[in-house]
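Thanks for passing this one along. Here are my notes, in the order I would go through them at the bench with the viewer open.

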Amino acid sequence: MRDGWIAIAGLGPGSDAMVTPQVRDAMRQATDVIGYIPYVARVAPREGLTLHPSDNRVEIDRAVHALTLAAAGRRVVVVSSGDPGVFAMAAAVFEALESGPPAWRDLRIDVLPGITAMLAASARAGAPLGHDFCAINLSDNLKPWGLIERRVRLAVEADFAIAFYNPRSKARAEGFAAILRLLRGICGDERPMLFARAVSTSDEHLQVVPLSQATPEMADMRTMVIVGSSATRIIERAAGPILYTPRSAA
Ligand code: SAH
């Protein structure tokens, strides 16, 4: 095996200020960058660096491509937004590794963390994830819808604050409306919710509303939705509300 390697790197939620020095360093050493088109677009082109943007939903092809290049001696950075281990490329690369040629297991593979959307969104709003919480991906591309509803119901029963990734797309306009109905049935109307869109970019928009005022249109594919636990509260201020969950539970 030659000196190729793979770094699976998180680019953070959008702002350059939230890309870690470790990820920048890997970019400087890379010969190839692989990822979904809008994420590869965030990488500055330079001589000696080949960019390989690809379309959505081809994660396994992308992972196989990365492993093949690294096995041929290239230094490959696979990029994800946020953190690469959260609903992103790191698991896809390991799925490809597990079912690929044994020689791939000798490659050096590093996962370089990034600031995931739920933490960036939560920081902008206050500290809604200050006590126990969980994260649920609302896309049913890779799991049945029934499982999503079951997990949401059980998470509310366990009284977690819940961070929803991929809340709503054009192809799945109905799902998020169904989740809001489900939440209304079990949380009561006053449960605080955060809709945080395009956090840390020039399109950033935050809304904190009670569940009764939440509408499906408040979310799209660039939105992080956080629903509070029964203890999550709002501190009203002239500068805007602070949403937080105290650290202790009775
Ligand atoms: N690996 C990524 C998540 C990929 S799933 C991470 O760790 O953040 C994509 C979903 O993440 C989007 O549908 C949206 O729910 C959320 N997301 C990503 N970037 C965001 C941002 N800047 N602001 C709000 N939500 C974001």
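The points below go from the overall build to the two sheets and then to the ligand.

1. First, a reminder that this is a predicted model. The protein has seven helices and 13 strands. Its radius of gyration is 20 Å, close to the 18 Å that the globule rule gives for 250 residues, so the protein is as compact as a globular protein of that length. If you want a feel for the dimensions, the C-alpha trace spans about 60 × 40 × 35 Å along its principal axes.

2. Start with the sheet that holds β1. This is an open sheet of five strands in the order β3-β2-β4-β1-β5, and the pairing is parallel. At its edges sit β3 (50-54) and β5 (108-112), each of which pairs on one side only. On average, neighbouring strands here are turned by 15° against each other, with direction ignored.

3. For a closer look at one pair, take β1 (residues 5-10) and β5. Five bridges join them in the parallel sense. A handy place to find the pairing in your viewer is A9, which stands opposite L112 in β5.

4. Which helices go with this sheet? Helix α1 (residues 21-29) packs on it, touching β1, β2 (32-36), β4 (75-80) and β5. The direction of α1 makes about 140° with that of β1. Then there is helix α3 (residues 59-71), which lies across β1, β2, β3, β4 and β5 and runs at about 175° to β2.

5. Now for the sheet that holds β7. It is also open and has five strands, ordered β7-β8-β11-β9-β10, but here the pairing is mixed. The edge strands, pairing on one side only, are β7 (133-137) and β10 (205-210). From one strand to the next, the twist averages 15°.

6. Within that sheet, β7 and β8 (residues 161-165) run parallel and are joined by five bridges. To locate this pair, look for F133, which stands opposite A161 in β8. Helix α5 (residues 117-125) packs on the sheet and touches β7, β8, β9 (192-197), β10 and β11 (223-227). The α5 direction makes about 65° with that of β11. Helix α6 (residues 145-157) packs on the sheet too, touching β7 and β8, and its direction makes about 165° with that of β7.

7. On to the ligand: how many residues surround it, and which are the closest? There are 19 around the ligand, and the closest are D83, V86, T116, M221 and T223.

8. Some polar distances are worth checking on screen. At T223, a polar backbone atom is 2.7 Å from an oxygen atom of the ligand. P13 also comes in through its backbone, with an N or O atom 2.9 Å from a ligand nitrogen. With N166 the side chain is involved: one of its polar atoms lies 3.0 Å from a ligand oxygen. As for how covered the ligand is, it exposes 550 Å² taken alone, and the protein buries 92% of that.

Conventions
Residues numbered from 1 in each chain as written. Predicted model: local features only at pLDDT ≥ 70, side-chain atom pairs only at ≥ 80, totals over all residues. Heavy atoms only, no water. Pairing = 2+ DSSP bridges. Helix = DSSP H or I, 4+ residues; strand = E, 2+ residues; numbered from the N terminus. Axes fitted to C-alpha atoms, helices over the stretch in contact; angles between N-to-C directions. Contact = heavy atoms within 4.5 Å. Near = heavy atom within 4 Å. Polar contact = N/O pair within 3.5 Å; in protein donor to acceptor, adjacent residues only side chain to side chain. Areas by Shrake-Rupley, 256 points an atom, 1.4 Å probe, with all protein chains shown as cover. Rg over C-alpha atoms; globule rule 2.2 N^0.38 Å.
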